[in-house]
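Trainee: Before we use this model for anything further, could we go through it together, with a reason given for each reading?

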Amino acid sequence: GISLLAIANSRSNIETEIQTQLYGNLKDVAAQNDATIERVLEDRQQILLNIATEIENQGFDFTTEENIWKIVEWLENYSTLYECKRMGIIATDGTTYATDGYKKELKDEPYQYGIQGLANISSTITDQMGEEELINVFSVPIFMKDGKTVKGILYATYQTKEFLELLDINSFNWFSVYF
């Protein structure tokens, strides 16, 4: 009985460790394990870049909160179409406006990169708006006409479990063979 318990415990510990590693950083997991996920991540980032370009071309005004909410409202169709948890705009002061109605100051990873004019896929973080769950945030800067000055940051939030499901299908079939 004791050896079975020890095996069960060690299996549980190994599964926990594997889960922990998977949740670590999607970009690393994608790079190491699976071209499919890498493509999915790149496609989602490209979609955001295209939407950001559209926002720049439309000449949306970022100067008032009311105008930022108008942009967020404009994003709702995209959020539905691309099955995000939410999409939104981060203003240059760090205030985040979301398609599901949240407004919060979040100067975390997406803001830190975006304000420097850099696109980013965040590490796995706990959602600070709405339901507390693990998410990854894709973000891209939106530039003024000069192409240098950041006037806002476009972001899309996805549930981490969605990416893990892709991994389960593609990369970890060996897991069930050994356990």
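The exchange below takes up confidence, a pair of helices and one residue.

Trainee: What is the mean pLDDT of the protein chain?
Mentor: This is a predicted model, and its confidence varies along the chain, since pLDDT stays under 50 over residues 171–179, a stretch for which the model has 11 contacts beyond four places in sequence. Over the protein chain, 74% of the residues reach 70 or more, and the mean pLDDT is 83.

Trainee: Are α3 and α4 roughly parallel, roughly antiparallel, roughly perpendicular or oblique to each other?
Mentor: The axes of helix α3, residues 35–58, and helix α4, residues 65–81, come within 12 Å and cross at roughly 140°, and the crossing is right-handed. Angles over 145 degrees would count as roughly antiparallel and those from 65 to 115 as roughly perpendicular, so α3 and α4 are oblique.

Trainee: Which residues in α4 are met by residues in α3?
Mentor: On the α3 side, the residues taking part are Ile51, Glu54, Ile55 and Gln58, and their partners in α4 are Ile71, Trp74, Leu75 and Tyr78. By class, this contact has one charged, one polar and six nonpolar residues.

Trainee: Is Ile68 buried or exposed?
Mentor: Ile68 has its place in helix α4 and, leaving aside neighbours within four places in sequence, is in contact with Asp61, Phe62, Ile89, Ala91 and Tyr97. Tyr97 lies 29 residues away from Ile68 in sequence, yet the C-alpha to C-alpha separation is 7.6 Å. Because buried means under 20% relative accessible area, Ile68, at 4%, is buried.

Definitions and conventions: Residues are numbered from 1 along each chain as its sequence is written. This is a predicted model: local features need pLDDT of at least 70, side-chain atom pairs count only at pLDDT 80 or more; totals for chains, interfaces and linings use all residues. Side-chain values use heavy atoms; hydrogens and water are left out. Axes are lines fitted to C-alpha atoms, for helices over the stretch in contact, and angles run from 0 to 180 degrees between N-to-C directions. Helices (H or I, at least four residues) and strands (E, at least two) are DSSP runs, numbered from the N terminus. Angles under 35 degrees count as roughly parallel, over 145 as roughly antiparallel, 65 to 115 as roughly perpendicular and the rest as oblique. A crossing is left-handed if the near helix is turned anticlockwise from the far one by less than a right angle, and right-handed if clockwise. Contact means heavy atoms within 4.5 Å. Ala, Val, Leu, Ile, Met, Phe, Trp, Tyr, Cys and Pro count as nonpolar, Asp, Glu, Lys and Arg as charged, and the others, Gly among them, as polar. pLDDT is the predictor's confidence in each residue, from 0 to 100. Buried means under 20% relative accessible area, exposed over 50%, partly exposed in between (1.4 Å probe, protein chains only).
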